[in-house]
Amino acid sequence: MTLLTLQGIRKSFGAVDVLHGVDLAVAAGEVVGLVGDNGAGKSTLMKTITGIYRADAGSIEFDGKDILQLDPGQRRELGIEMIYQDLSLAKQQDVASNIFLGREPTKRVFGLFPGFVDKAAMDRQAATMIERLGAHLPSISRSVGSFSGGQQQTVAIARALTFNPKLVIMDEPTAALAVREVQSVLDLIRRLKSEGIAVILISHRLNDVLSVTDRIVVLRHGRADADLVTARTNMNEVVSRIVGGGDISAAAAHEQRG
Ligand SMILES: Nc1ncnc2c1ncn2[C@@H]1O[C@H](COP(=O)(O)OP(=O)(O)O)[C@@H](O)[C@H]1O
Ligand SMILES: [Mg+2]
């Protein structure tokens, strides 16, 4: 079942055309790698999905709904979560505050009246979430700025998973991590997939992308320039598609499709 469909997404910043009509489809529970050179527009494209940026043209359907006019909060409620490259954590605040940042449990979540923040409930939920991830943090009440890169990544992931998303977008989640921490993020992606959650993984670490995805989409010159089945491609092909060489017959087939 198709969960997300982007068609003809365009986006410019002033005179700079970044996205020239991107098509992308993601099925429920599918793990899609999004790769491309620096500045190819990967982060920008993802932000048009979360609603941080409004696409200049094109359509976005999620879970059977046209979401183009929805704001980021509404898209989040439908089940779209993104873990940003910089993690967007409040470094001075503790784990629970970060997990519930901007969504502190009030009426909607815990049946309490709005404005009343139940810190004990937040701490309990935060601890449960961290445990579910199989992660360990030195303390749930310490400010997250004192944690290692991997621990901070855990908090950002816990935040993304707390409200039962259908799609999790991860922008370079392993760029700053130690080897063991990278493996735990990759394991987590596999677990999300097994729970039916779709993932879009942006990464420069092509070995990671090849090991964990079902499909790899190459963004180049503002378009989805290649759409490869991971089981039927390899490092050489992915690299050559990123830099723009590559398989002419596949390119021709892509032209015909598109
Ligand atoms: N808010 C912005 N304002 C102006 N230009 C931007 C903005 N965000 C991104 N860009 C430009 O858009 C292009 C694509 O950026 P980005 O989406 O971050 O690429 P990637 O994530 O693939 O490295 C770059 O040339 C970048 O400078
Ligand atoms: Mg980026």
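The residues around ligand 1 are a good place to start: F13, V16, V18, G36, N38, G39, A40, G41, K42, S43 and T44. A residue counts as near a molecule or strand here if its C-beta atom, placed from the backbone, lies within 6 Å of it. This is a predicted model, in which local features need pLDDT of at least 70 and side-chain atom pairs count only at pLDDT 80 or more, while totals for chains, interfaces and linings use all residues. Residues are numbered from 1 along each chain as its sequence is written, and chains are lettered from A and ligands numbered from 1 in the order in which they are written.

By class, this shell has four nonpolar, six polar and one charged residues. Nonpolar means Ala, Val, Leu, Ile, Met, Phe, Trp, Tyr, Cys and Pro, charged means Asp, Glu, Lys and Arg, and the others, Gly among them, are polar. Both β2 (16-27) and α1 (42-50) supply at least two residues of the shell, and α1 gives the largest share, three residues. Helices (H or I, at least four residues) and strands (E, at least two) are DSSP runs, numbered from the N terminus.

Now to the sheet. Four strands form an open sheet in the order β2-β1-β4-β5, with antiparallel pairing. Its edge strands are β2 and β5 (65-66), each pairing on one side only. Two strands pair if DSSP finds at least two bridges between them. Two of the pairings look like this:

| Strand pair | Bridges | Sense | Residues facing each other |
|---|---|---|---|
| β1 (2-13) and β2 | nine | antiparallel | F13 and V16 |
| β4 (57-62) and β5 | two | antiparallel | E61 and D66 |

The hairpin of β1 and β2 has two residues between the strands, and G14 takes a positive phi near 60 degrees there. F13 and V16, which are bridge partners, are also among the residues around ligand 1.

Elsewhere, I157 sits in helix α6 (residues 149-161). Why is I157 classed as buried? I157 is buried because 26 other C-beta atoms lie within 10 Å; the cut-offs are 20 or more for buried, 12 or fewer for exposed, and partly exposed in between, with C-beta atoms placed from the backbone. Leaving out residues up to four places away in sequence, I157 touches I83, L133 and L188, where contact means C-beta atoms, placed from the backbone, within 7 Å. Its C-alpha atom is 9.6 Å from that of E81, 76 residues apart along the chain.

Finally, confidence: the mean pLDDT (the predictor's confidence in each residue, from 0 to 100) is 88, and 89% of residues reach 70 or more. Over residues 107-112 the pLDDT is below 50, and this stretch has eight contacts beyond near neighbours in sequence.

How values were computed:
Two residues are in contact if their C-beta atoms, placed from the backbone, lie within 7 Å.
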